[in-house]
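I opened the notebook for a quick tour of this fold, and here is what I looked up, entry by entry.

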Amino acid sequence: MTAATIKTCALCNSSQPLRISHIVPHFVFSSMKTGSLTGYLRSLDNPARRIQDGFKQELLCDACEQLFSTWESSVSRQVYLPITTGLQSVIRYGQEYSRFAISVLWRVLVWRFNAFISVAPQFKGNVENIEREWRAFLLGKERKPGAASCHTVILSKNLILGVGNVVGLTSDNFQRFLQRAVDVDVISDHRQPFVYAKLGRLLIFGLTPLEGNYRSSRVALQNGVLGPGKYQVPLPILKALTHNTERVFGAIEGLSDAQKQRINASINKNHAGRY
């Protein structure tokens, strides 16, 4: 057996053998796979290709991995399961949720940092400061996560969406993408950066302090409530989700007849004997 490579943990900065960490918590992809029509996960870039799991990277030491796992276990039972089953319209959460939400955004920020800064270098210092503040909060060194904001919205099955006073029902494809896809990234509108993680119907977003009416979606540090309501989402995030919807369904339309037949066969096999 070869010895594990010693590297620096991205969270605690200790020199340890690193784990292959999930950027998006494993329970999210496990739930998606269980509820999938085909019984498989598929790449947003190439819907014809099956994937076994989500995004991974050598990121955390064992102790920090266990720290995140504790929050994920709690949120999986108390928040994510009620969202996926739809049995509760109002979901109450404790302090584990704020740690979980910021841990997901922090992971996405670290994972996508180089790619983001390569196209938006003007935000490098700002993003690095927020990453340090989030890291101190996750390690318990600070009681608050600094100046950056963190928000959560549960995406409804009958979502009404609009810009300003113009609202309407979303398209079928956009609704399907919001319900079933996992989409994470760091983006900007050339004025400020944003990080988001859409985990099925659970949308978490934040980064710089947001201007506007975001109070209803702000994640409470101790105890809070998730549920139906009127929420504001930054327009750059909405545009990113819309763009990715078009990209995914455009790729699906471009599949060959043979590829479509294989997908339909997977659906029929996976749902044999079910209503």
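**Entry 1: the cavity**

I began with enclosed space, keeping in mind that this is a predicted model. The largest cavity holds about 40 Å³, and my count at 30 Å³ or more came to one cavity. Next I listed its lining, which is made of Ser74, Val75, Gln78, Val79, Tyr93, Gly94, Glu96 and Tyr97. Two elements give two or more residues to that lining: helix H2 (62-85) and helix H3 (95-119). Which of the elements gives the largest share? I found that H2 does, with four residues. Sorting the lining by chemistry, I got four nonpolar residues, three polar ones and one charged.

**Entry 2: salt bridges**

How many salt bridges does the whole structure have? My search turned up seven, and I wrote up some of them.

I looked at Glu58 and Lys7, where the closest N and O atoms are 2.8 Å apart. Glu58 sits in strand E6 (residues 56-60) and Lys7 in strand E1 (residues 6-8), so this bridge ties together parts that lie 51 residues apart in sequence. I also checked whether the partners were buried or exposed. Glu58 has 35% relative accessibility and counts as partly exposed; Lys7, at 40%, counts as partly exposed too.

Then I turned to Arg19 and Asp62, whose side chains meet in a salt bridge with 2.5 Å from N to O. Arg19 belongs to strand E3 (residues 19-22) and Asp62 to helix H2, so here the parts tied together are 43 residues apart in sequence. For Arg19 I noted a relative accessible area of 33%, which makes this residue partly exposed. Asp62 is partly exposed as well, at 42%.

My last bridge for the day joins the side chains of Asp189 and Arg191, at 3.2 Å from N to O. Asp189 is partly exposed, with 22% relative accessibility, whereas Arg191 is exposed at 62%.

**Entry 3: helix H4**

I wanted to check the length of helix H4 (residues 124-138) against its residue count. At 1.5 Å a residue, its 15 residues should span 21 Å, and I found the end C-alpha atoms 21 Å apart, so the two agree.

Which residues of H4 are buried? I noted Val127, Ile130, Glu131, Trp134, Arg135, Ala136, Phe137 and Leu138. I kept the helix geometry in mind here: an α-helix has 3.6 residues a turn, so residues three or four places apart point the same way. I then asked what covers the buried residues of H4. The cover includes H2, H3, strand E8 (149-154), strand E12 (193-199) and strand E13 (202-207). Just after H4, I came across Gly140 with a positive phi of about 80°.

**Entry 4: positive phi outside glycine**

With Gly140 noted, I looked for positive phi in residues other than glycine and wrote down two cases, Asn13 and His190.

Asn13 has phi near 65°. I placed Asn13 in the loop between E1 and strand E2 (15-17), and its relative accessible area of 48% makes it partly exposed.

His190 has phi near 75°. Its place is in the loop between strand E11 (182-188) and E12. Is His190 buried or exposed? I read 68% relative accessibility, so His190 counts as exposed.

Note on methods
Residues are numbered from 1 along each chain as its sequence is written. This is a predicted model: local features need pLDDT of at least 70, side-chain atom pairs count only at pLDDT 80 or more; totals for chains, interfaces and linings use all residues. Side-chain values use heavy atoms; hydrogens and water are left out. On a 1 Å grid over the protein atoms alone, a cavity is a set of points where a 1.4 Å probe fits but cannot get out, and a pocket is an open set with protein on both sides within 12 Å along at least five of seven lines; lining residues have an atom within 4 Å of a point. Grid points are joined across faces, edges and corners, and a volume is the space filled by probe spheres set on the points. Ala, Val, Leu, Ile, Met, Phe, Trp, Tyr, Cys and Pro count as nonpolar, Asp, Glu, Lys and Arg as charged, and the others, Gly among them, as polar. A salt bridge is a side-chain nitrogen of Lys or Arg within 4 Å of a carboxyl oxygen of Asp or Glu. Buried means under 20% relative accessible area, exposed over 50%, partly exposed in between (1.4 Å probe, protein chains only). The expected span of a helix is 1.5 Å times one less than its number of residues. Contact means heavy atoms within 4.5 Å.
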